Structures are given as structure tokens and as C-alpha cells.
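User: I would like a close look at one part of this protein, explained formally and step by step for a first-year student. Please begin with the setting and then treat the chosen part in detail.

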Amino acid sequence: MSALRAARTAAVRRLLLHELRAVASLGRWAVRRTHGVRPGDLAAAYTGPQTAMMYGLLFVAVIETVGLAVLIPWPAVHRVVLVLDVYGVLLVLALHAACVTRPHVVRPDGSLRIRYGALFDLAVPPDAVASVRVERRYPEGRLVTLSEDGVLDLIVGSQTTVTLELNRPLEFRRPLGARASARTIRFHADDPKALVGAVRRLPAPP
């Protein structure tokens, strides 16, 4: 029971940390600054398939906030619901901002950083890359889905566009902190040809 409580506490802490990072991304988004992208890096966006959905959720949340403000007659309940609704709107916007300001990154040294907002961040060293290709797939599952044969799908808008084969398993952290490893990583990039071309143009490690 103590181990279970510790695991739940760690998961809650990670969720709170994700939310804080996402909210901080609103400032970066406002001034059009990216996180972890240095001069010479290729930044690869991945928000294309989810942008319309995010703005749709934002619109629904705003309409709900206005509607409840009109319908709820009790001031105390109205204030509580208003705070919760405004927080929900802020969180949806912050999640999208985190994805915009934390793109995938291909570095000049051959390393690749695969990300999804503040929820997922995996550094792939250049000597771990066996092959990379453009491959559009429509897998089913949650944001981070790992198959029994070590295939990791990082799904955005129900699709992936890049398949990265590794020559050894790489360990990664799930959004709630659990550790796992994968030998194949499939993820989405809005311009998969540019990302794959950048990785292929890099010199092979000695």
C-alpha cells in the first residue's frame, strides 16, 4: 500500500509539473520563442493535425463558461464554476502552446529530440539511429502507445508520419513517470520529409 501511495503521489507531482510547464509555455508562445532550440538546429513542428481540434475545444469551453454564467443563479456556485471553467480554458490553450513552443529538434551533432509539449521528451543519440523514413500511419491508442514488440507510437491527431528504427533499445519515460524502452519510434512531424532529410544528411557516427 505504501508503494502504491508513493506511485500515486509521484504521478500527481508529474502532472502538476506538466501543467506548470504548459502554463509557462503561454509566455513563450506570446513572444514566439521556442524551448530547447539552438542556432543551427532544425525545429520540426507537429501540431498540424490537432490545431483545429484544440481550437474547437477552446471554443466549446468558452461557450460553456458563458452559458453557465447565465444559467447558474447562486453566486457562490457561480464563482466556483467560473474559476474551474477559466482554468479549463487556460489549460487547453497552455497544452497547445507547449506543443507549439517545444517542437522536435534535429541537432548538428546528429542527435534527435522527439517531444510532445511538456508531456514527452526523448533524446535519441546519433549512434542509436539505424534508419529513418517517411511513413504515414494511423495507429489506434493513446498519445504514448507501446506495443509488446517494442514499437513506440507517439500519436498526434490519430497519426504518425515518421518511423525511426534504432539499433538498440532506448529507455523513455511515460507522461506519468513509468519507464519503458523501445526499438522503433513512430511519431508525427508536419513536414516529415524535411525532418527525415535532415537526419539522413547528418554524418554517420564513427
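The request concerns the strands β8 and β9 and what surrounds them.

User: How do β8 and β9 pair, and which residues are linked in a network of salt bridges that includes E165?

Analyst: The model is a predicted one, and every statement below should be read with that in mind. A short view of the whole comes before the detail.

The protein has 206 residues, of which 37% count as buried. Its secondary structure consists of 4 helices and 9 strands. Followed along the sequence, these elements give the pattern α-β-α-α-β-β-β-β-β-β-β-β-α. The C-alpha atoms occupy a box of roughly 70 × 45 × 30 Å along the principal axes. Among contacts with a separation of 6 or more, 68% join residues that are 24 or more positions apart. The accessible surface amounts to about 11800 Å², and carbon and sulfur atoms contribute 62% of that area.

We now turn to the chosen part. Strand β8 covers residues 160–173, and strand β9 covers residues 179–187. The two strands run antiparallel and are joined by 8 bridges. One of the pairs across them places E165 opposite T184 of β9. As background, strands in a sheet pair through backbone hydrogen bonds, and the pairing may be parallel or antiparallel. The hairpin of β8 and β9 has 5 residues between its strands. Within this hairpin, G177 adopts a positive phi near 110°.

Strand β9 also pairs with β7, which comprises residues 151–154. Here the direction is parallel, and 4 bridges hold the pair. In this pairing, L152 stands opposite I185 of β9. Strand β9 is thus joined to β8 in the antiparallel sense and to β7 in the parallel sense.

The residue T160 of β8 deserves separate attention. T160 counts as buried because its relative accessibility is 0%, and the limit for that class is under 20%. Apart from neighbours within four places in sequence, T160 touches E135, R136, R137 and P139. The contacts of T160 also include D153, L154 and I155, together with R186, F187 and H188. Of these partners, L154 belongs to the residue range of β7, while R186 and F187 fall within the range of β9.

Two of the contacts of T160, E135 and R137, lead to the charged groups. E135 forms a salt bridge with R137, with the closest N and O atoms 3.5 Å apart. E135 forms another salt bridge with R133, where the closest N and O atoms are 3.3 Å apart. Together with E165, the residues R133, E135 and R137 are linked in a network of salt bridges. E165 is also the residue that faces T184 across the pair of β8 and β9. R133, E135 and R137 lie within the range of β5, residues 129–137.

How accessible are the members of this network that lie in β5? R133 counts as partly exposed because its relative accessibility is 31%. E135 is placed in that class because its value is 21%. R137 is also partly exposed, with a relative accessible area of 32%. The class of partly exposed residues extends from 20% to 50%. The whole structure contains 8 salt bridges. Another of them joins R113 to D121, with the closest N and O atoms 2.7 Å apart.

Strands β8 and β9 have a further role in the arrangement: they are among the elements that cover the buried residues of helix α4. This helix spans residues 192–201, and its buried residues are P192, L195, V196, G197, A198 and V199. The cover also includes β1, β2 and β5.

Two of these covering strands, β1 and β2, belong to another sheet. That sheet is open and antiparallel, with 4 strands in the order β1-β2-β3-β4. Strands β1 and β4 stand at its edges, each with a single partner, so one side of each is left without a neighbour in the sheet. From one strand to the next, the twist averages 15°. Strand β1 pairs with β2 over 3 bridges, and L42 has V106 of β2 as its bridge partner.

To draw the picture together, β9 pairs with β8 and with β7. E165 takes part in the salt-bridge network with R133, E135 and R137, and both β8 and β9 help to cover the buried residues of α4.

Notes. Residues are numbered from 1 along each chain as its sequence is written. This is a predicted model: local features need pLDDT of at least 70, side-chain atom pairs count only at pLDDT 80 or more; totals for chains, interfaces and linings use all residues. Side-chain values use heavy atoms; hydrogens and water are left out. Buried means under 20% relative accessible area, exposed over 50%, partly exposed in between (1.4 Å probe, protein chains only). Contact means heavy atoms within 4.5 Å. Two strands pair if DSSP finds at least two bridges between them. Axes are lines fitted to C-alpha atoms, for helices over the stretch in contact, and angles run from 0 to 180 degrees between N-to-C directions. Accessible areas come from the Shrake-Rupley method with a 1.4 Å probe; for residues, only the protein chains shown count as cover. A salt bridge is a side-chain nitrogen of Lys or Arg within 4 Å of a carboxyl oxygen of Asp or Glu.
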